[in-house]
Amino acid sequence: MQDLYEVLGVSKLASQGEIKKAYRKLALKWHPDKNLTNKRQAEEKFKMVAEAYQRRVRGQLPEAMQDLYEVLGVSKLASQGEIKKAYRKLALKWHPDKNLTNKRQAEEKFKMVAEAYHQLP
């Protein structure tokens, strides 16, 4: 499955307003009623854009505007060492094997922390 931010053509740190604006623009561009010459491709693109937006709206991924540094609880000026230390601490805290009573929440938090860490320089 393609990354929803890539489908919508926005940054992972885009605000909700930017995401909505990108969705509306692409939905108009690829609406099948506006693309009569290539309706099949337009339908595919339109569905892809709508699905990406709906996944984002339903919150299946971290909020787009949520700062990666904020996820790790570090300053934007943090060194690589500080980022790594924060990641390790949160990864241990939210590891699903260590949170048997609330495994689903732990899995979500663990995934969010890992994604934030791997996206930072």
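Leaving aside its neighbours within four places in sequence, which residues is asparagine 99 in contact with? In this model, which is a predicted one, the contacts of asparagine 99 are with Lys93, Trp94 and Ala106. Asparagine 99 sits in the loop between H5 and H6, and with a relative accessible area of 18% it counts as buried, because the limit for that class is under 20%.

Let me set beside it another loop asparagine. Asparagine 35 lies in the loop between helix H2, residues 16–30, and H3, and, not counting residues up to four places away in sequence, asparagine 35 touches Lys29, Trp30 and Ala42. A polar atom of the side chain of asparagine 35 lies 2.8 Å from the backbone oxygen of lysine 29.

Histidine 31 is found in that loop between H2 and H3 as well, and with a relative accessible area of 27% histidine 31 is partly exposed. Not counting residues up to four places away in sequence, histidine 31 touches Ala42 and Phe46, and its C-alpha atom is separated by 8.4 Å from that of lysine 45, which is 14 residues apart from it along the chain.

I turn now to the nonpolar cores. The largest of them has 17 residues, and those with the most contacts inside it are Leu72, Val74, Ile83, Tyr87, Val113 and Leu120. Two or more residues of this core come from each of helix H4 (68–72), helix H5 (80–94) and helix H6 (103–119), and H5 gives the most, with six residues. A second core, separate from this one, has 16 residues, among them Tyr5, Leu8, Tyr23 and Leu26.

Within the largest core, Tyr87 deserves a moment, since it is listed among the residues with the most contacts there. Not counting residues up to four places away in sequence, tyrosine 87 touches Leu72, Val113, Ala114, Tyr117 and His118, and with a relative accessible area of 17% tyrosine 87 is buried.

That brings me to the aromatic pairs, of which the structure holds two. In one, the rings of tyrosine 23 and tyrosine 53 have their centres 4.1 Å apart and their planes at 10 degrees, so this pair is stacked. The pair links distant parts of the chain, with tyrosine 23 in helix H2 and tyrosine 53 in helix H3, 30 residues apart, and both tyrosine 23 and tyrosine 53 are buried. Tyrosine 87 and tyrosine 117 form an aromatic pair that is also stacked, at 4.1 Å centre to centre and with 10 degrees between the planes. Here too distant parts of the chain are linked, tyrosine 87 being in helix H5 and tyrosine 117 in helix H6, 30 residues apart. Whereas tyrosine 87 is buried, tyrosine 117 is partly exposed, with a relative accessible area of 21%.

Next, the two helices whose faces I looked at, beginning with H2. At 1.5 Å a residue, the 15 residues of H2 should span 21 Å, and the end C-alpha atoms are indeed 21 Å apart, which agrees. The buried residues of H2 are Ile19, Ala22, Tyr23, Leu26, Ala27 and Trp30. Seen down the axis of H2, these buried residues fall within an arc of 130 degrees, so they line one face of the helix. On the other side of H2, the exposed residues are Lys21, Lys25, Leu28 and Lys29, so that Lys29, whose backbone oxygen lies 2.8 Å from a side-chain polar atom of asparagine 35, is on that side of H2.

For H6, the 17 residues should span 24 Å at 1.5 Å a residue, and the end C-alpha atoms are 24 Å apart, in agreement with that expectation. Ala106, Val113, Ala114 and Ala116 are buried in H6. Seen down the axis of H6, the buried residues fall within an arc of 165 degrees, so they line one face of the helix. They pack against H4 and H5, while the face of H6 turned away from its buried side carries the exposed residues Arg104, Glu108 and His118.

Finally, a word on helix H3, residues 39–57, in which glutamine 54 is found. Glutamine 54 counts as partly exposed, at 35% relative accessibility, and its C-alpha atom is separated by 9.5 Å from that of leucine 4, 50 residues apart from it along the chain.

Key: Residues numbered from 1 in each chain as written. Predicted model: local features only at pLDDT ≥ 70, side-chain atom pairs only at ≥ 80, totals over all residues. Heavy atoms only, no water. Core = buried A, V, L, I, M, F, W, Y, C linked by side-chain atoms within 4.5 Å. Buried < 20%, exposed > 50% of the residue type's maximum accessible area, 1.4 Å probe, protein only. Helix = DSSP H or I, 4+ residues; strand = E, 2+ residues; numbered from the N terminus. Contact = heavy atoms within 4.5 Å. Expected span 1.5 Å × (residues − 1). Arc of directions from axis to C-beta. Polar contact = N/O pair within 3.5 Å; in protein donor to acceptor, adjacent residues only side chain to side chain. Phe/Tyr/Trp six-rings, centres within 6.5 Å; stacked < 30°, edge-to-face > 60°.
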